[in-house]
Amino acid sequence: MPGPSNTLLIEGSFSELAEELAHYLDTLAKSEEGAGVSADVAQFLDNIRESEQSEEPVDESSVQQQKDEVLKKIVTKASVLNSAPERELTAAYNLLISLSLQSQISEQFFARICQYLSDQPITSSPTYGSSLALQTLSTIFNVLPSASEARYHVFLAILKVIKAAASAQVFEALIPQLETNIPSWLSAWQLDDEDARTLYMTVADVASATGHQDLHYKYLLDALETISPVSSSEPEAQDLAKRTLRTALTNPSVTDFTPLTANDAIQALRKSDSNLFDLLEIFSSDDYSSYTDFLETNDLSSLGIPEGKVEVLSNKIRLLTLASIAASSTTRSIPYSTIASALQIPGEDVEMWVIDAIRTGLVEGKLSQLKQEFLVQRATYRVFGEKQWAEIQGRLMVWRRSLETVLNVVKTERERFAREGPGGGESGMNGFPDGESMQNRGDRQRRQGGGGRGGRGGHHREQQGPREVDAVGGGD
């Protein structure tokens, strides 16, 4: 896995190491004597060896050119390393990496090596081939300077291997680095929008292949945001917009569609794919009734929605409808019958749907079986526009009138107190007749045979019946 930059140390001169690797490649390829890589690089290596042993000044640029020629011929034939014995493969690739680092065109060599590791199987180890490939690719990534753009191509190769192996465990180990490093990598590598979009989409593909659907949607959305308004109507942008929208609709955990409705490429679907855009608007701000009306004239499969996801959409729009009811309720108390009618469900299923909405974080509140109502404590607005501001204004006006009523009561009592004094009026403090204290009243009640649980005749059996159930939960 990519980690801190490090240095690969291998002892030996360039000529010695290159000659050793060339012989090894010929052995793996079973080349005839005098016809393999060793023969192709022999003359160059002789010249390099002379310069290494010479005590006189040498033409460094000429020596470097000869090293590059040697490396070109070795790297061209290096795909045969994928057939090396498992215990030798990593060491052989490390030697190739070390030699390539001595070239001024090392990034070109690394691009070819990455291709060998990501596009071709390691035939010597069908079981552990992907792990060996990832180990070598990680070495290349980590020996490159942190600001090197070559790291971008190496990282794409790493993702390609993980996707091919569909290794959820390996991808999960990579997730913390994705969340922490991708923004800094984009800046350090100075990627343009197209390259950044390729990176995000590649990560999204790997997330999907390894079963991480929330990350799949997250990185598709990141890729969508790299599309400029000018390019939002181009075919590539429209394909990405449709894919991202379908992913959002079919993912049960995605309930906030604001990032989509605010995106230019998504808005361009209004013209290119109006039915799919209409479906987005229903999930953004409409209710279950509108959804059923939509299904009467549209087939979800024609919009690219898999048949297995139809139930996901139905459940999600019901939960979103419930969230809208809760958010728009001025009394904060919703009868079960209202919920059942809006969601088109039996009355006995209302509590189940409310609990599901709480689990998704759309609402918080209390279920009252006694009153057959849902007491809303918090609700998520699906959209927030002029209508929602008007609702808040109305709610604030209700609170204002309530406070004014309280203030008027307090004012009246203060005036009465100032006029009549503490002993004035028909009743004393605490609402009891003058001269009668709470204790005296309690004594009188006990003499009359009343009392609490300890009094005679005070025992009674509580009957089971409807009750209030706390159902607070969810998040913002």
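Is Glu 404 buried, partly exposed or exposed? This model is predicted, and the answer comes from its computed accessibility. Glu 404 counts as partly exposed, because its relative accessibility is 38% and the partly exposed class lies between 20% and 50%.

Glu 404 has a partner. Its side chain meets that of Arg 400 in a salt bridge, at 3.3 Å from N to O. Both residues sit in helix α20, which covers residues 386-420. They are four residues apart, so about one helical turn separates them. The general geometry explains the fit. An α-helix has 3.6 residues a turn, so residues three or four places apart point the same way. Side chains of opposite charge can pair when their charged atoms come close.

Helix α10 holds another pair with this spacing. Lys 218 and Asp 222 are four residues apart there, about one helical turn. Their side chains form a salt bridge at 3.2 Å, N to O. The two ends sit in unlike surroundings. Lys 218 is partly exposed, with a relative accessible area of 37%. Asp 222 is buried, because its value of 19% falls under the 20% limit.

Now move to helix α19, residues 350-359. Here Arg 359 and Asp 356 are three residues apart, again about one turn of the helix. Their salt bridge spans 3.4 Å, N to O. Arg 359 counts as exposed, at 67% relative accessibility. Asp 356 counts as partly exposed, at 25%.

The count of salt bridges in the model comes to 14. The pairs described above are among them.

Turn next to helix α8, which runs over residues 168-188. It has 21 residues. From first C-alpha to last it reaches 28 Å, close to the 30 Å expected at 1.5 Å a residue. The helix is kinked, however. A bend of about 50 degrees lies at Asn 181. The proline Pro 183 follows shortly after that kink.

Which residues of α8 are buried? They are Phe 171, Leu 174, Ile 175, Gln 177, Leu 178, Ile 182, Trp 185 and Leu 186. These buried residues pack against four neighbouring elements: α6 (129-143), α7 (150-165), α9 (193-209) and α10 (213-224). The last of these, α10, is the helix that carries the Lys 218 and Asp 222 pair. After α8 comes Gln 190, whose phi is positive, near 55 degrees.

How values were computed. Residues are numbered from 1 along each chain as its sequence is written. This is a predicted model: local features need pLDDT of at least 70, side-chain atom pairs count only at pLDDT 80 or more; totals for chains, interfaces and linings use all residues. Side-chain values use heavy atoms; hydrogens and water are left out. Helices (H or I, at least four residues) and strands (E, at least two) are DSSP runs, numbered from the N terminus. The expected span of a helix is 1.5 Å times one less than its number of residues. The bend at a residue is the angle between axes fitted to the seven residues ending there and the seven starting there. Buried means under 20% relative accessible area, exposed over 50%, partly exposed in between (1.4 Å probe, protein chains only). Contact means heavy atoms within 4.5 Å. A salt bridge is a side-chain nitrogen of Lys or Arg within 4 Å of a carboxyl oxygen of Asp or Glu.
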